[in-house]
Amino acid sequence: MMSKRDYYEVLGIQKSVSKDEIKSAYRKLALKYHPDRNKSPEAEEKFKEISEAYAVLSDPEKRKRYDTYGHVGNEEVFRGSEDNFAEIFKDMGFGNVGDIFEQIFGRMGGGGSSGFSSDPFGFNSRTANRRRRGRDLLYDLSMTLEEVVKGKKEEVQIPTIENCSICSGTGAAPGTTPKICPTCNGQGQTRRVYNQNQFSTFISLDTCNTCHGEGKILEKPCNTCHGEGKVRKTNNLKIDIPPGVEDGVTLRISGKGESVQGGVSGDLLVRIHVLPHQLFKVLEDGDLMYTFNVSFVDLILGTEAKVPTIDGNEKLKIPSCTKANTVFKLKGKGLPRYGKFGRGSQYVKVDVELPDKINDKQKNLLKELSKEFKKDGWFRFA
C-alpha cells in the first residue's frame, strides 16, 4: 500500500489546532482547488487529498485514531462525514455534498491507492434518487452599480451537459445495451482484504480495472457521445436579477443545470460580481458613501451644492463653518435593500479642497483675515 502524506501537512496545520481551525484551513484550500474553480490538471487530485484529510481530522473519533495509529481504514474515511462537508460547501455556494463528491470522486474513478470510493458517503445505498440528479452549474455574472439599482434582465449562453439523445444516456450504440461487468459484478470496485496485524483486518476498495469504475461494459459505444452517455450543448437562458442584489450573492435557478435521463435536472447557480464604481463606495444594507470636495472658503461661508447620487444630482446644503470630514446623510438615495423593503442612504463625506498655489493679492487678503481670526482667538493661518 502506497504511503500517504501526513493529514496535518496536507491541510498546512499543526497537530494542536482546534476543530474550527481545521475547518478554516480546509475551506480555504477547497476554494482554491475545487475543480469548478481551478481547471488545472492537478486540481482534482489535490481536492481529493485535502478532502480525505478533512474527513478524518474533522471527526473527533477518527482524528484520535489517526493520531494514535497513524491511519484510518480506507472504508471508514468518509463514513459519517456528510454534515461536516455540507456546511462548508453550502457557505461556498456549491451544490449538495452528494453531487460534489459524485462529480469529483466518481468521475475520477474512485478507489486506487488514494483509497477513495466512487460513492464516499454511501449515497448509492441510501437513495437512488440522488444518483439521478443532474449536477449544478455555476455562472459568474458581473453587474454595474446602476444595474444593481434597477435589476438586470439578460440572456446568457449556458454550457450544459445533457444526456445523449441517440443512446438515451446509456453510452451504448442504438440496438445494444451495456453489460454488467463480470469482474466487479456491476459495483465498479474490487475489494482487497489484507491483515495489518493479528488483531485487525483491512479492506481496500480499488477501481475495477475491467470497467474502470463504471460497473458496466459497452460492447459497442454510441458514435455520437463515444460511450460517455453525455453531450455538451449551449443553451440560451434569460436571467432576471432582482434590484439590490449584493456582491458575492449566489442566486439559485432551479432545474436549469445539468439534465439527466429519467431524473431531476440540477440547478443553475448565478454568482454576482458587482463592479467597483468610480464615485460611490458600497457600504452595508444598501448604503453608499461619496466623498465631496469643497473649498475651504465654502466650508467657512457655507454653500448649497449639487451632489451626484446613483439617481442623478441632488441638492445639499452645507452650513457655514462646517468641519472637514463631516458626513451628511441623504436618506433613500442608496441602493434597494436586498431581500428587504426600501432603499439605503447615501452618505456624503465633506473633504477640504485646497488650491495648488495663491497669488500675492490672495495671500494679502488671507493675512488680513488671519489677523481678524487672531483677535477672536479662534484660528490662525500659518
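Buried, as used here, means under 20% relative accessible area, exposed means over 50%, and partly exposed is anything in between (1.4 Å probe, protein chains only). At 18% relative accessibility, K46 therefore counts as buried.

This is a predicted model, so local features need pLDDT of at least 70 and side-chain atom pairs count only at pLDDT 80 or more, while totals for chains, interfaces and linings use all residues. Residues are numbered from 1 along each chain as its sequence is written, and side-chain values use heavy atoms, with hydrogens and water left out.

**Overall picture**

The protein has 10 helices and 15 strands; these are DSSP runs numbered from the N terminus, helices being H or I over at least four residues and strands E over at least two. Of its 382 residues, 40% are buried. Take the contacts (heavy atoms within 4.5 Å) between residues at least 6 apart in sequence: 62% of them join residues at least 24 apart.

**Helix 3 and K46**

Back to K46, which sits in helix 3. Leaving aside neighbours within four places in sequence, K46 is in contact with R5, V10 and Y33. Helix 3 covers residues 43-57, and its 15 residues should span 21 Å at 1.5 Å a residue, which agrees with the 21 Å between its end C-alpha atoms. The expected span here is 1.5 Å times one less than the number of residues. The helix is mostly covered, with 13 of its 15 residues buried.

**The sheet with strands 1, 9 and 8**

What is the strand order in the open sheet of three strands? The order is 1-9-8, and the pairing is mixed; two strands pair if DSSP finds at least two bridges between them. Strand 1 (137-143) and strand 8 (250-253) are at the edges with a single partner strand each, so one side of each has no neighbour in the sheet. From one strand to the next, the twist averages 25°; axes are lines fitted to C-alpha atoms, for helices over the stretch in contact, and angles run from 0 to 180 degrees between N-to-C directions.

Strand 1 pairs with strand 9 (residues 268-274) in the parallel sense, over seven bridges. One of the bridge partners to look at is L269 in strand 9, which is matched with L138.

**The sheet with strands 10, 11, 15 and 14**

Another open sheet has four strands in the order 10-11-15-14, again with mixed pairing. Strand 10 and strand 14 are its edges, each having a single partner strand, so one side of each is left without a neighbour in the sheet. Strand 11 and strand 15 pair in the parallel sense over eight bridges. F292 has V350 in strand 15 as its bridge partner.

**Nonpolar cores**

A nonpolar core is a set of buried Ala, Val, Leu, Ile, Met, Phe, Trp, Tyr and Cys residues joined through side-chain atoms within 4.5 Å. The largest one holds 34 residues, and I241, V270, I272, F292, I318 and V348 touch the most other members. Apart from it lies another core, of 26 residues, among them I22, A25, L29 and I50. As for V270, setting aside neighbours within four places in sequence, its contacts are Y139, L141, I239, I241, V249, T250, L251 and I253.

**Salt bridges**

The structure holds 14 salt bridges, each being a side-chain nitrogen of Lys or Arg within 4 Å of a carboxyl oxygen of Asp or Glu. Here are some of them, with the distance between the closest N and O atoms.

| Acid | Base | Closest N and O atoms |
|---|---|---|
| D140 | R271 | 2.8 Å |
| D285 | R337 | 3.1 Å |
| D285 | K340 | 3.3 Å |

D140 lies in strand 1 and R271 in strand 9, so their salt bridge ties together parts that are 131 residues apart in sequence. D140 is partly exposed at 38% relative accessible area, whereas R271 is buried at 12%.

D285 lies in the loop between strand 10 (281-282) and strand 11 (288-295), and R337 in the loop between strand 14 (327-330) and strand 15 (346-353), so that pair links parts 52 residues apart in sequence. K340 is also in the loop between strand 14 and strand 15, so its pairing with D285 ties together parts 55 residues apart. On accessibility, D285 is partly exposed at 32%, R337 is partly exposed at 23%, and K340 is exposed at 53%.

Salt bridges that share partners also join R5, E9, K46 and E49 into one network.
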